[in-house]
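Work through the exercises below with the model open. Each task is followed by a solution in steps.

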Amino acid sequence: MKANHNKKIKAPLTVEQKIRRRTFISFGVFAALGTSAIAGWNWLLDAKEETPGITGGTRAPLRRALNKTELFFRNFFSNKHLAKTYPIAEAVKTPRVNGLIGIEDDEDFDVSNWKLTVKLRNQKDRHISIEALKALPKTEIVYDFKCVEGWDEIQYWAGVKLSDFLAHFKLEEEAQKQYMGLETPNGAYYVGLERESILHPQTLLAYEMNGKPISIEHGAPLRLIVPAKYGIKNLKRIGTMAFSDKRPRDYWAEQGYDYYSGL
């Protein structure tokens with residue numbers, strides 16, 4: 001067979017041609033991605049807002065994504081999912097105050113008359129004093145408190161494990177419900193907590209910070225400490241506690257934040 005000597009051999013591209021070709025391809029890809037991004041953004045802006053309620057202010061597709069993320073973490077979450085702990089010497093001496101909602105707007109609050117009110121269905125409310133809580137075994141924890149605003153610091157807390165509290169006051173049946181709701185005495189600040197976090201071994205009803213009674217601005221006489229959650233879930237100055245199989249209201253979730261707020 002004779003070789004085809006008439007076929008023209010293509011000359012190799014020059015360096016300048018190669019640069020122009022790659023530049024053209026890059027701009028084409030960039031334009032396609034940019035167009036897709038704009039289309040996606042417009043789709044999200046045009047999407048319906050979720051129905052106001054326990055959560056609010058988020059476009060429906062974002063809420064679905066948040067709910068799927070929460071479901072993943074709840075399935076993954078267990079008593080083995082523990083926050084890292086530190087020596088007491090590493091805790092900050094002057095802990096930062098992360099918000100005063102439910103505290104600064106309650107001028108009539110009298111810490112000496114405080115009692116934790118546990119609301120029970122078909123039963124009378126239980127009223128539990130700080131002395132009764134301090135009589136239970138004390139648990140200490142030093143961990144990295146994280147705020148959704150972006151700051152964190154190692155803090156030293158002490159109190160009673162929430163699971164021990166529930167067992168001592170024979171509230172295990174109530175704790176089998178899916179959620180616990182906590183509110184400040186004036187109802188201005190409130191959080192909802194799912195069962196996995198309620199029974200987590202690091203979750204505390206705290207009454208001490210740095211070895212001393214909690215100060216007013218940090219939530220005296222009793223506050224929630226959940227090392228597996230961001231600070232917005234760590235309610236200060238607990239007034240009432242209730243249990244439900246439906247999500248209780250949650251202050252920051254109503255502003256569009258993630259209801260779960262887990263770490």
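The exercises cover pockets, salt bridges and aromatic contacts in this predicted model.

**Exercise 1. Pockets**

Task: Describe the largest pocket and the second largest pocket by volume, lining and residue class.

Solution.
Step 1. The volume of the largest pocket is about 290 Å³, and that of the second largest pocket is about 160 Å³.
Step 2. A total of 19 residues line the largest pocket, with N98, G99, Y189, I232 and W252 nearest its centre. Around the second largest pocket the lining consists of L120, R121, Q123, R126, K170, L171, E173, E174 and K177.
Step 3. Sorted by class, the largest pocket has eleven nonpolar, five polar and three charged lining residues. For the second largest pocket the split is two nonpolar, one polar and six charged.

**Exercise 2. A salt bridge between two loops**

Task: Which parts of the chain does the salt bridge of D106 and R237 tie together?

Solution.
Step 1. The structure holds seven salt bridges. In one of them the side chains of D106 and R237 meet, at 3.8 Å from N to O; the cut-off for a salt bridge is 4 Å.
Step 2. D106 belongs to the loop between α2 (60–76) and β1 (116–119), and R237 to the loop between β9 (223–225) and β10 (240–244), so the contact ties together parts that are 131 residues apart in sequence.
Step 3. Buried means under 20% relative accessible area. D106, with 15%, is therefore buried, and R237 is buried as well, with 2%.

**Exercise 3. Two further salt bridges**

Task: State the N to O distance for D144 with K146 and for D250 with K233, then give the burial of each residue.

Solution.
Step 1. Between the side chains of D144 and K146 the N to O distance is 3.1 Å. D144 is buried at 14% relative accessible area, whereas K146 is partly exposed at 31%.
Step 2. In the salt bridge of D250 with K233, the closest N and O atoms are 2.6 Å apart. This pair links distant parts of the chain, 17 residues apart: D250 is in the segment after β10 and K233 in the loop between β9 and β10. Both residues, D250 and K233, are buried.

**Exercise 4. Aromatic pairs**

Task: Are the rings of Y179 and Y259 stacked or edge-to-face? Treat Y189 and Y251 likewise.

Solution.
Step 1. Eight aromatic pairs are found in the whole structure. For Y179 and Y259 the ring centres are 6.4 Å apart and the planes stand at 85 degrees, so this pair is edge-to-face.
Step 2. Y179 lies in strand β5 (residues 179–183) and Y259 in the segment after β10, so the pair ties together parts 80 residues apart in sequence. Y179 is buried at 9% relative accessibility, and Y259 is buried at 2%.
Step 3. Y189 and Y251 have ring centres 5.2 Å apart and planes at 50 degrees, so the pair is tilted. Y189 is in the loop between β5 and β6 (190–194) and Y251 in the segment after β10, 62 residues apart. Y189 is buried, at 9%.
Step 4. Y189 and Y251 also belong to one aromatic cluster with Y190, W252 and Y257.

**Exercise 5. Charges over rings**

Task: Which rings lie under K229 and R249?

Solution.
Step 1. K229 lies over the face of Y260, 3.5 Å from the ring centre.
Step 2. The charged end of R249 is placed over the ring of Y190, at 3.7 Å from its centre. Y190 is one of the residues in the aromatic cluster of Exercise 4.

How values were computed. Residues are numbered from 1 along each chain as its sequence is written. This is a predicted model: local features need pLDDT of at least 70, side-chain atom pairs count only at pLDDT 80 or more; totals for chains, interfaces and linings use all residues. Side-chain values use heavy atoms; hydrogens and water are left out. On a 1 Å grid over the protein atoms alone, a cavity is a set of points where a 1.4 Å probe fits but cannot get out, and a pocket is an open set with protein on both sides within 12 Å along at least five of seven lines; lining residues have an atom within 4 Å of a point. Grid points are joined across faces, edges and corners, and a volume is the space filled by probe spheres set on the points. Ala, Val, Leu, Ile, Met, Phe, Trp, Tyr, Cys and Pro count as nonpolar, Asp, Glu, Lys and Arg as charged, and the others, Gly among them, as polar. Helices (H or I, at least four residues) and strands (E, at least two) are DSSP runs, numbered from the N terminus. Buried means under 20% relative accessible area, exposed over 50%, partly exposed in between (1.4 Å probe, protein chains only). Rings of Phe, Tyr and Trp (its six-membered ring) pair if their centres lie within 6.5 Å; planes under 30 degrees apart count as stacked, over 60 as edge-to-face and the rest as tilted. A charge sits over a ring if NZ of Lys or CZ of Arg is within 6 Å of the ring centre and within 35 degrees of the ring normal.
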